[in-house]
Amino acid sequence: MTGDEFDFLCKMLKDRSGLVLTRDKAYLLESRLLPVARKVNLKSVDELIAAVRARPSGDLVRDIVEAMTTNESFFFRDIKPFDQFKAFVLPALMRSRAARRQIRIWSAACSSGQEPYTLAMLLADEQANLAGWSIDILATDLSTEILDKAQAGLYSQFEVQRGLPIRYLVKYFKQQGERWQIDAALRNRVRFKTFNLLDEPASLGGFDVIFCRNVLIYFDQETKTNIFNRLAKALEPDGFLVLGAAETVIGLTTVFKPLIEQRGVYQPNEVRHAPVRTPAFAAITPKVAAMAGI
């Protein structure tokens with residue numbers, strides 16, 4: 001791969017997904033894109049680049065972006081954010097949302113679904129306290145392929161062994177051959193949707209909690225700032241933003257403020273506006289709640 005070809009791919013990836021690659025990641029491009037080339041009967045990454053240059057749109061571009069932006073995930077990853085959700089965020093929302101008894105959660109860049117399913121399991125633990133509540137979990141990712149996997153809720157033995165407590169495996173999973181599938185009732189608590197964090201989230205409606213973890217580390221500072229500004233528009237004025245352990249808003253934006261005693265959890269710094277709640281929220285949550293038994 002020539003320097004010009006590398007620069008072409010890097011610009012395309014940044015424009016389409018926000019992903020920033022440095023030259024020391026050339027090997028990563030080669031290893032991830034060779035299977036994409038072979039899938040369309042091309043012999044090399046060089047031929048793939050030539051094909052994209054000739055037609056810089058369509059399925060081939062989508063496949064390249066998805067190949068480069070699909071990242072790993074696992075259940076209860078970095079356990080602290082989930083402990084904070086259960087001990088601090090959820091109780092706070094149950095107090096502040098007592099009148100409307102509705103909570104919307106957005107798992108952004110959800111990858112293969114372990115994060116939103118972890119949240120669904122934690123909410124199931126609180127089923128008695130959430131009786132009569134409508135809970136909506138929306139999980140989004142740029143990759144349609146990874147969302148198909150997430151929606152199926154099928155995981156390998158290795159994937160269920162990474163962070164998943166045995167009691168949750170026994171309670172919510174059934175073995176299907178060599179893989180494990182999440183119980184249908186739990187799968188029905190989560191809606192999956194394709195969404196690019198570079199786009200405006202207005203179509204998604206407003207949220208009480210946004211989990212956006214372990215994805216911003218791949219973006220440059222300008223892109224991070226723009227994403228924070230967009231997330232602020234989608235979050236209720238007293239809602240919560242949860243970031244990954246290596247991520248922060250400090251030095252990047254003033255639209256969020258850190259909660260001193262809750263590391264990694266942030267709230268809007270000022271009331272800019274209340275996010276618009278879409279009609280879909282009212283239509284979906286009763287169904288989700290009924291299927292979930294809460």
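S112 is buried in this predicted model. Its relative accessible area is 5%, and buried means under 20%, so the label applies. S112 sits in the loop between β1 (102-107) and α6 (114-125). Leaving aside neighbours within four places in sequence, S112 is in contact with S73, I146, K149, A150 and Y155. S96 makes a useful reference point: S112 and S96 are 16 residues apart in sequence. In space, their C-alpha atoms are 31 Å apart.

Next comes a sheet. Three strands form an open sheet, ordered β3-β5-β4 with antiparallel pairing. The edge strands are β3 (154-156) and β4 (173-176), each of which pairs on one side only. Neighbouring strands of this sheet are turned by 35° against each other on average, direction ignored. β4 and β5 (residues 179-182) run antiparallel and are joined by four bridges. Across this pairing, Q175 stands opposite W180 in β5. In general, strands of a sheet pair through backbone hydrogen bonds.

The model also has pockets to consider. The largest pocket has a volume of about 440 Å³. It is lined by 28 residues, and the closest to its centre are T69, N71, A109, D141 and V215. Two elements, α4 (59-69) and β2 (134-141), give two or more residues to the lining. The table sorts the lining by class.

| Class in the lining of the largest pocket | Number of residues |
|---|---|
| Nonpolar | 14 residues |
| Polar | nine residues |
| Charged | five residues |

Definitions and conventions
Residues numbered from 1 in each chain as written. Predicted model: local features only at pLDDT ≥ 70, side-chain atom pairs only at ≥ 80, totals over all residues. Heavy atoms only, no water. Pairing = 2+ DSSP bridges. Axes fitted to C-alpha atoms, helices over the stretch in contact; angles between N-to-C directions. 1 Å grid on protein atoms, 1.4 Å probe; cavity = no way out; pocket = protein on both sides within 12 Å on 5 of 7 lines; lining within 4 Å. Points joined across faces, edges and corners; volume = space filled by probe spheres on them. Nonpolar A, V, L, I, M, F, W, Y, C, P; charged D, E, K, R; others polar. Buried < 20%, exposed > 50% of the residue type's maximum accessible area, 1.4 Å probe, protein only. Contact = heavy atoms within 4.5 Å.
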